[in-house]
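Let's take a walk through a protein chain together. Keep the picture open beside you and look for each part as it comes up.

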Amino acid sequence: MTERAQANPGRRTVLGAGAAVLGAAALGLPGTADAAERSGGHGGDHGSRLDLPVPTVIGHRGTSGYRPEHTLGSYQLALDMGAHIIEQDLVPTKDGHLVCRHENDITATTDVSAHPEFAGRRTTKKVDGVSLTGWFTEDFTLAELKTLRAKERIPGNRQKNTLYDGRWEVPTFEEVLQWADREGRRRGKQIWLYVETKHPTYFRGLGLGLEEPLAKLLRRYNRHRTQSPLILQSFEPSSIQRLSKLVASPSVVLLSGAGSRPWDFVATGDPRTVDDLVAPAGLKWIASFAQGIGPTLDLIIPKDASGRLTTPTSLVQDAHAEGLILHPYTMRNENSFLPADFRRGTDPNAYGDAFGAFRTYFATGIDGIFSDNPDTALLAAEDFTKN
């Protein structure tokens with residue numbers, strides 16, 4: 001089978017019935033659907049599989065190219081645009097509620113600095129080895145956090161998004177689950193969610209472990225099974241391992257840049273780096289407890305010193321050989337975020353040739369992609385599957 005054929009089967013099966021079965025089905029090999037139906041998931045479910053279009057378009061933090069990220073407005077627009085999955089990042093409040101923020105530092109994504117009653121909460125912390133000064137979710141109760149309003153994180157790049165500053169609250173994950181259920185009933189189909197645990201080792205050290213309350217919510221809203229329309233993700237493999245013992249939902253290990261180390265590896269003295277994890281032995285280890293990987297796009301096609309794309313690595317083929325799906329991150333339409341090959345003009349905030357970049361990444365055989373602009377990604381995916 002050619003790489004092009006692998007990249008374009010129409011739908012690729014994501015299974016919660018074990019990575020070995022997943023891999024065969026994901027590559028479109030014959031006779032695997034029946035095997036998947038007979039296989040039990042790691043949560044004890046049988047006969048379950050989840051089908052997603054390929055390439056899968058994941059609404060990154062909702063539609064963060066058009067609305068302030070991680071708001072119900074951003075999620076709703078992603079759904080209305082047709083994104084196949086909508087992403088949430090989870091961090092805890094002081095009283096243990098899970099809320100949707102990309103980071104626990106809410107300085108740039110809320111109007112907290114404009115609240116004089118919280119001026120004394122500004123502090124400096126070290127999160128995963130990085131010193132940060134600002135306001136942090138773990139220092140606020142949910143009731144306090146609900147007095148804040150979300151705003152655009154990068155107004156210099158996305159000035160138009162500032163129109164919506166102050167319009168939406170910081171949502172709890174439970175509110176998102178309720179929203180997804182309502183929309184599912186209204187539309188007559190399941191709404192897919194892609195859920196990341198942020199800084200799980202850091203929060204566990206504060207007595208605010210993420211996995212147990214997350215699993216409790218997933219069970220409450222019946223999204224804990226192998227066939228549930230939800231994928232779990234984390235940059236810390238141990239968080240995915242912990243979750244796999246609590247729920248049967250499919251899961252993905254996120255991978256940062258080459259040479260970096262997951263923070264749980266740093267904390268426990270594990271010497272492995274991302275380079276080790278993308279090697280065949282590392283991918284085989286990931287496949288023993290997860291169903292996919294979410295690598296940075298540079299691990300798929302590295303860039304040279306000028307920011308231009310070079311030769312694709314073997315990661316797609318190597319991951320597929322271990323039965324893993326690949327959902328790399330993140331495509332954005334603006335010149336400043338695109339490879340130099342696809343920038344147009346001199347305005348860093350103007351749109352470049354995003355369609356050309358999508359086409360290049362899809363041609364590597366990836367199973368899907370995170371995008372701030374799901375409408376662009378969907379059109380690009382449609383173009384790709386037609387050719």
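One term will help before we start: a residue is called buried when its relative accessible area is under 20%. With that in hand, look at strand β10, which covers residues 251-255. All five of its five residues are buried, and they sit on two covered faces: Ser-251, Val-253 and Leu-255 make up one side, while Val-252 and Leu-254 make up the other. To get to β10 from β9, the chain passes through helix α9 (residues 237-244), and this β-α-β crossover is right-handed.

Before going on, keep in mind that you're looking at a predicted model. How confident is the predictor? The pLDDT averages 90 along the chain, and 87% of the residues score at least 70. Residues 1-49 are another matter, with a pLDDT below 50, although the model does give this stretch 106 contacts beyond near neighbours in sequence. Where pLDDT is low, the predicted coordinates shouldn't be read in detail.

Now back to the strands. β9 and β10 run parallel and are joined by three bridges. If you find Leu-232, you'll see Ser-251 of β10 standing opposite. What lies beyond β10? Strand β11 (residues 292-295) does: four bridges join β10 to β11, again in a parallel arrangement. Two places to look are Val-252, which stands opposite Gly-292 in β11, and Leu-255, whose bridge partner there is Pro-295.

β11 is covered on both faces too: Gly-292 and Gly-294 are buried on one side, and Ile-293 and Pro-295 are buried on the other. Keep going and you reach strand β12 (residues 325-326), which pairs with β11 in the parallel sense over two bridges. Gly-292 has Ile-325 as its bridge partner in β12.

Let's zoom in on Leu-254, one of the residues of strand β10. Is Leu-254 buried or exposed? Its relative accessibility is 4%, so Leu-254 counts as buried. Leaving out residues up to four places away in sequence, Leu-254 touches Glu-196, Gln-233, Ser-234, Phe-235 and Gly-294. Pro-295 is 41 residues away from Leu-254 along the chain, yet their C-alpha atoms are separated by 5.7 Å.

One of those contacts, Gln-233, deserves a stop of its own. You'll find Gln-233 in strand β9, residues 230-234. Its relative accessibility is 1%, and therefore Gln-233 counts as buried. What does the side chain of Gln-233 make a polar contact with? The partner is the side chain of Glu-87, at 3.1 Å. Gln-233 also touches residues from several other parts of the sequence, including Tyr-194, Ile-240, Val-252 and Phe-370.

Finally, step back and look at the nonpolar cores. The largest has 81 residues, and among those with the most contacts inside it are Phe-173, Leu-193, Leu-214 and Leu-232. You've already met Leu-232, opposite Ser-251. Phe-173 touches a long list of residues, among them Leu-90, Cys-100, Leu-193, Val-195 and Leu-230. A second, separate core has ten residues, and Leu-254 is one of them, along with Ile-85, Ile-231 and Phe-370.

Definitions and conventions: Residues numbered from 1 in each chain as written. Predicted model: local features only at pLDDT ≥ 70, side-chain atom pairs only at ≥ 80, totals over all residues. Heavy atoms only, no water. Buried < 20%, exposed > 50% of the residue type's maximum accessible area, 1.4 Å probe, protein only. Polar contact = N/O pair within 3.5 Å; in protein donor to acceptor, adjacent residues only side chain to side chain. Contact = heavy atoms within 4.5 Å. Pairing = 2+ DSSP bridges. Right-handed = clockwise from strand over helix to strand, strands pointing away. pLDDT = per-residue confidence, 0-100. Core = buried A, V, L, I, M, F, W, Y, C linked by side-chain atoms within 4.5 Å.
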